Amino acid sequence: MDKYSRNSRVSIITKILTENPNKIMSLNYFSDILNAAKSTISEDILVVREILEKLDMGRIETIAGATGGVRYIVKVSEKEKEKFKEYICSTLSDKSRVVPGNFLYVTDIMLDPEVVSKAGAMLAGHFIKLKPDYIITVETKGVPLAYEVARYMGVPLIVARKNSKVTEGTSVTINYVSGTTGRLSTMGLSKRTLKTSSRCLFIDDFLRAGGTVNGIEDLLREFDSELIGIGVLVDNKEVKKTMTQPYVSIVDYFGIDEKGAIRMKPSTTI
């Protein structure tokens, strides 16, 4: 088996850890694929840890014990956060984004891999200490962002559907009042999707009145599970919230002024 230089080993270890966030990787694993002693791997990981911390790009945690190892915890620096928030505010301030009904068009940025990846990293870094069992969202626009948060936190993503599908088997369905339309809507989860007594983090693209959040909370109760946190890309500050749970947002939307300008500001909650 080939021998690798320290630079090569450090590069490979960094790639593996950052591509598998919040996943415990044993020293034996690295020792086998890099054909190096565990003591050598430990020294290499120390280099990786120091570089990431110096650049404020995340941290490497050491897990003690026979089944231990190391794992990468994602982090976005404060400088990068502010830069990203300003970019989103600038992008969403385009007057052409206002669609009939005074809704703000955000679909394109929610399908932009670079945007959802950065937003996902920010939200995951903020909520990592809560240690959720699942990330939950509602179809469809919030799915890309919720997926990125789930990936960075290393937990499964579950999606509450507005219409049950035969292929998912028996489902639990609840009614809730939509914060967007004020109408009665439904959402459901397959019984196979969620284990009872789970801790779930709700992620979505846009928060209005909070009707969907209330629906998610009611749905989780049917599984004897709890909602432990809420994170969104955009919070509509114009609308009074019907929910009582605390939440965080990346940017805040304050509506349209008398000149037709869209008022966006970076959030201070994350």
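Contact means heavy atoms within 4.5 Å. The exercises below use this criterion on a predicted model.

**Exercise 1. Describe the overall make-up of the protein chain: how many helices and strands does it have, and what percentage of its residues are buried?**

Solution.
1. The secondary structure consists of eight helices and 12 strands.
2. Along the principal axes, the C-alpha atoms occupy a box of roughly 65 × 50 × 30 Å.
3. The chain has 270 residues, of which 45% are buried.
4. Among contacts with a separation of 6 or more, 59% join residues 24 or more positions apart.

**Exercise 2. Determine how helix H1 packs against helix H2, and which residues meet.**

Solution.
1. Helix H1 spans residues 6-19 and helix H2 spans residues 27-34; their axes lie 11 Å apart, at an angle of about 130°.
2. Angles from 65 to 115 degrees count as roughly perpendicular and those over 145 as roughly antiparallel. The angle of about 130° therefore makes H1 oblique to H2.
3. The crossing of H1 past H2 is right-handed.
4. From H1, the residues Arg9, Ile12, Ile13, Ile16 and Leu17 take part; from H2, their partners are Tyr29, Phe30, Ile33 and Leu34.
5. An α-helix has 3.6 residues a turn, so residues three or four places apart point the same way.
6. By class, this contact between H1 and H2 holds eight nonpolar residues, one charged residue and no polar ones.

**Exercise 3. Carry out the analysis for H1 and helix H3: what is the angle, and which residues make the contact?**

Solution.
1. Helix H3 covers residues 38-54, and its axis lies 9 Å from that of H1, at an angle of about 70°.
2. The range from 65 to 115 degrees counts as roughly perpendicular, and H1 and H3 are therefore roughly perpendicular to each other.
3. H1 and H3 make a right-handed crossing.
4. H1 contributes Arg6, Arg9, Val10, Ile13 and Thr14, while H3 contributes Thr40, Ile41, Glu43, Asp44, Ile45, Val47 and Val48.
5. The residues of this contact of H1 with H3 divide into six nonpolar, two polar and four charged.
6. Arg9 and Ile13 of H1 appear in the contact with H2 and also in the contact with H3.

**Exercise 4. Establish how H4 and H6 cross, and state the handedness.**

Solution.
1. The axes of helix H4 (residues 78-92) and H6 come within 11 Å, crossing at roughly 135°.
2. H4 is therefore oblique to H6.
3. This crossing of H4 and H6 is left-handed.
4. Glu80, Lys81, Phe84, Lys85, Tyr87 and Ile88 of H4 are in contact with Val115, Lys118, Ala119 and Met122 of H6.
5. Six nonpolar and four charged residues, with no polar ones, make up the contact of H4 with H6.

**Exercise 5. Locate the largest nonpolar core and identify which helix gives the largest share of it.**

Solution.
1. The largest nonpolar core comprises 55 residues, and those with the most contacts inside it are Phe30, Leu123, Ile135, Met153, Ile250 and Met264.
2. Helix H6 (residues 113-127) supplies the largest share of this core, with eight residues.
3. Another core, of 23 residues, lies apart from it and includes Ala160, Leu189, Phe202 and Leu227.
4. Setting aside residues up to four places away in sequence, Met264 touches Cys89, Leu92, Ser93, Leu104, Val234, Val251, Asp252 and Tyr253.

**Exercise 6. Compare the surroundings of Ile174 and Glu226: is each buried, exposed or partly exposed?**

Solution.
1. Ile174 lies in strand E7 (residues 171-177).
2. Buried means under 20% relative accessible area; Ile174, at 10%, is therefore buried.
3. Apart from neighbours within four places in sequence, Ile174 contacts Ser185, Thr186, Met187, Gly215, Asp218, Leu219 and Glu222.
4. Gly188, 14 residues from Ile174 along the chain, has its C-alpha atom 6.3 Å from that of Ile174.
5. Gly215 and Leu219 are among the buried residues of helix H8 (residues 211-221).
6. The buried residues of H8 pack against E7, as well as strands E5, E6, E8, E9 and E10.
7. Glu226 is placed in strand E10.
8. With 41% relative accessibility, Glu226 counts as partly exposed.
9. Neighbours within four places aside, Glu226 is in contact with Ser198, Arg199, Cys200 and Leu220.
10. Between Glu226 and Gly215, 11 residues apart in sequence, the C-alpha distance is 12 Å.

Note on methods
Residues numbered from 1 in each chain as written. Predicted model: local features only at pLDDT ≥ 70, side-chain atom pairs only at ≥ 80, totals over all residues. Heavy atoms only, no water. Core = buried A, V, L, I, M, F, W, Y, C linked by side-chain atoms within 4.5 Å. Buried < 20%, exposed > 50% of the residue type's maximum accessible area, 1.4 Å probe, protein only. Helix = DSSP H or I, 4+ residues; strand = E, 2+ residues; numbered from the N terminus. Axes fitted to C-alpha atoms, helices over the stretch in contact; angles between N-to-C directions. Parallel < 35°, antiparallel > 145°, perpendicular 65-115°, else oblique. Left-handed = near helix turned anticlockwise from the far one by under 90°. Nonpolar A, V, L, I, M, F, W, Y, C, P; charged D, E, K, R; others polar.
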